[in-house]
Amino acid sequence: VVVAGFAAGAWAQTSGPKPSAEAGHAMSARWCKGCHIIEEGQTRGMDGAPSFIDLARDAAVSRDGLRAFLNAPQHPMPPIDLSREQIDDLIAYINTLR
């Protein structure tokens, strides 16, 4: 019982804060909206930049795939330096668009 309690407590300490879709939306409005369509009703984005709606609804796009891409974005996307928490927030927001 003590071991199980310790393991649960250790996991809670290392798991970090719960991802925030609201923070992800705010971040995408600030940094991503110039190129990507980030929400319903937005009419302009850059040609070739996938909309967040399309990403969310594409069964081939996984959370792990998004996380890997955001950790090391490829051209033509500019290099960005996001923390793990920011990446999790952005993914949480994209997942609300399903």
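**Exercise 1. Read the fold pattern along the sequence.**

Solution. Along the chain, the pattern is α-α-α-α-α. That gives five helices and zero strands. Helices (H or I, at least four residues) and strands (E, at least two) are DSSP runs, numbered from the N terminus. This is a predicted model: local features need pLDDT of at least 70, side-chain atom pairs count only at pLDDT 80 or more, and totals for chains, interfaces and linings use all residues. Residues are numbered from 1 along each chain as its sequence is written, and side-chain values use heavy atoms, with hydrogens and water left out.

**Exercise 2. State how much of the protein is buried, and describe its contacts.**

Solution. Start with the cut-offs: buried means under 20% relative accessible area, exposed over 50%, partly exposed in between (1.4 Å probe, protein chains only). Of the 98 residues, 28% are buried. Now take contacts (heavy atoms within 4.5 Å). Consider those between residues at least 6 apart in sequence: 52% of them join residues at least 24 apart.

**Exercise 3. Analyse the salt bridge between R57 and E40.**

Solution. First, the term: a salt bridge is a side-chain nitrogen of Lys or Arg within 4 Å of a carboxyl oxygen of Asp or Glu. The structure holds four of them. In one, the side chains of R57 and E40 meet at 3.1 Å, N to O. Next, place the partners. R57 sits in helix α3 (residues 52-57), while E40 is in the loop between α2 (21-31) and α3, so the bridge ties together parts 17 residues apart in sequence. Last, check exposure. R57 is exposed at 52% relative accessible area. E40 is exposed too, at 55%.

**Exercise 4. Trace the network around R67.**

Solution. Step one: D64 and R67 form a salt bridge of 3.3 Å, N to O. Why are they about one helical turn apart? Because they are three residues apart in helix α4 (residues 63-71). D64 is exposed, with a relative accessible area of 57%.

Step two: R67 also bridges to D88, with the closest N and O atoms 2.8 Å apart. This pair links distant parts of the chain, R67 in helix α4 and D88 in helix α5, 21 residues apart. D88 counts as buried, at 16% relative accessibility.

Step three: shared partners join D64, R67 and D88 into one network.

**Exercise 5. Locate E85 and classify its exposure.**

Solution. E85 lies in helix α5 (residues 84-95). Its relative accessible area is 46%, so E85 is partly exposed. Now look across the chain. S20 is 65 residues away from E85 in sequence, yet their C-alpha atoms are separated by 8.8 Å.
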